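Please find below some notes on the structure, set out as numbered points. They cover the sheets, the helices that pack on them, and the cores.

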Amino acid sequence: MELSQTLAQEIVERAMRILPGNVNVMDAAGLIIGSGDTRRLFTRHAGAQRVIAEGQAVALDAAAAACLPGAQAGINLPLYRQGELVGVLGVTGEDAEQLRLPAELLRLTAEMLIEQASGHPRADRGMTVTLLRQLLAPEAAPELGRHARLLGLRPELPRDVLLLEFAGPASTFGDWAQRCVPDSWCLPREGGQWLWYRPGSESPKALLAALAAEGWSLQRSAWIAQARPWTGLAQSTGWALDLAAVAKRLEPEPLLATLDELALPTWLQGQARCPEGAWLLEPLERLRQADRDGQLLATLRSWFRHDASPQACAAALGLHRNGLRHRLDRIQALTGRDPRRFGAATELYCALLLADGRWAEGQ
């Protein structure tokens with residue numbers, strides 16, 4: 001396929017809505033056929049010719065560009081259609097490395113337009129997944145939202161986050177989810193997990209019930225019901241991952257975990273990665289060091305699991321009430337906190353949740 005001048009200029013115009021610098025599109029021979037600077041049209045671009053010869057991106061600083069006729073500082077990337085190099089996209093700017101990410105995203109948009117113009121639009125899952133990973137990264141650049149709009153992803157729609165973990169492969173889940181809920185975003189993760197971003201925040205229970213009919217076995221899921229536009233989804237994704245980790249540890253049976261049920265443990269799971277929580281862990285670390293067989297930690301976990309009920313806790317551990325009291329006394333002596341008193345018990349409970357999050361991550 002030959003890249004037409006009309007299509008090249010359309011790519012340039014779309015690109016320059018996003019980037020402040022000049023954009024050029026060259027054909028497969030290195031001739032500029034689309035440009036924001038009309039003086040450069042139909043001239044040879046030596047940087048593009050290097051891209052064509054090498055089949056990969058070429059970044060030029062001012063010194064390198066001065067040695068190449070018709071080139072300016074910036075970055076030049078190959079444009080492909082079904083594996084065939086059909087042109088080059090050039091973005092002008094002094095710092096080529098700073099331009100690399102936006103230029104790569106523009107290249108994806110340009111290749112989509114080329115496919116559409118050929119009459120055989122390609123499946124754009126790879127393109128969409130690439131952009132979604134960038135959109136959902138912490139501190140994502142604002143221009144990514146404009147790229148997403150160009151690709152029809154509607155980033156302004158508030159979306160909830162649903163993390164699903166399947167017992168086996170579910171490679172077609174993304175297609176099914178997008179058919180069920182239009183304008184969904186779906187991202188696969190390792191370990192049979194999928195992140196599903198749905199417009200709105202309706203309960204997912206009916207959709208989860210339908211998964212078995214598709215042949216998928218769902219092990220657990222975590223739902224962040226608060227719907228947010230794309231700029232808030234990185235934080236929501238972090239909550240979903242923390243909620244899933246907490247649910248796996250504390251509530252392995254329920255299929256759907258929500259923040260309403262596990263808000264404090266989920267928040268503490270996020271804090272497990274922060275060094276500021278070390279002070280809270282000091283009493284528990286003393287207990288851990290002295291508790292060689294893990295008996296006292298198991299007793300403390302059982303105490304909280306049974307809502308500090310001596311009778312229920314003793315029965316669960318197979319102890320007499322006096323035996324339980326002896327262990328609680330030892331915990332108090334080692335930590336300086338009495339788990340039978342509300343304030344001290346709250347501190348120990350939070351410390352235990354925080355410690356379990358850290359220990360689970362090998363810290």
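1. Contact, as used here, means heavy atoms within 4.5 Å. The model is a predicted one. Helix H4 (residues 96–118) lies across S3, strand S4 (74–81) and strand S5 (84–92). The direction of H4 is at about 25° to that of S4.

2. The sheet under H4 is open and has five strands, in the order S2-S1-S5-S4-S3, paired antiparallel. Strand S2 (32–35) and strand S3 (58–60) are its edges, each pairing on one side only. On average, and with direction ignored, neighbouring strands here are turned by 20° against each other.

3. At one end of that order, strand S1 (residues 23–27) pairs with S2 through three bridges in the antiparallel sense. Within this pair, Val 25 is placed opposite Gly 34 of S2.

4. Another open sheet of five strands runs S7-S8-S6-S9-S10, and its pairing is mixed. Its edge strands, S7 (185–189) and S10 (256–258), each pair on one side only. The average turn between neighbouring strands of this sheet is 20°, direction ignored.

5. Strand S8 (residues 193–199) is antiparallel to S7, with five bridges between them. Cys 186 stands opposite Trp 196 in S8.

6. Two helices should be read together with this sheet. Helix H9 (residues 233–250) lies across strand S6 (159–166), S7, S8, strand S9 (218–228) and S10, at about 145° to S9. Helix H10 (residues 259–271) packs on the sheet by touching S9 and S10, and its direction makes about 65° with that of S10.

7. Which residues of helix H7 (residues 173–180) are buried? They are Phe 173, Gly 174, Trp 176 and Ala 177. These residues are on the same side of H7 because they cover an arc of only 160° around the axis.

8. The largest nonpolar core counts 27 residues. Those with the most contacts inside it are Leu 131, Leu 135, Val 161, Trp 185, Leu 187 and Tyr 197. At least two core residues come from each of H4, helix H5 (125–135), helix H6 (143–150), S6, S7, S8, S9 and H9. H9 gives the most, with six residues.

9. Tyr 197 deserves a separate entry. With neighbours within four places in sequence left aside, its contacts are Leu 136, Arg 159, Asp 160, Val 161, Asp 183, Ser 184, Trp 185, Leu 187, Leu 233 and Thr 237.

10. There is also a second, separate core, of 26 residues. Among them are Ile 11, Leu 19, Leu 31 and Leu 79.

Terms used. Residues numbered from 1 in each chain as written. Predicted model: local features only at pLDDT ≥ 70, side-chain atom pairs only at ≥ 80, totals over all residues. Heavy atoms only, no water. Pairing = 2+ DSSP bridges. Helix = DSSP H or I, 4+ residues; strand = E, 2+ residues; numbered from the N terminus. Axes fitted to C-alpha atoms, helices over the stretch in contact; angles between N-to-C directions. Buried < 20%, exposed > 50% of the residue type's maximum accessible area, 1.4 Å probe, protein only. Arc of directions from axis to C-beta. Core = buried A, V, L, I, M, F, W, Y, C linked by side-chain atoms within 4.5 Å.
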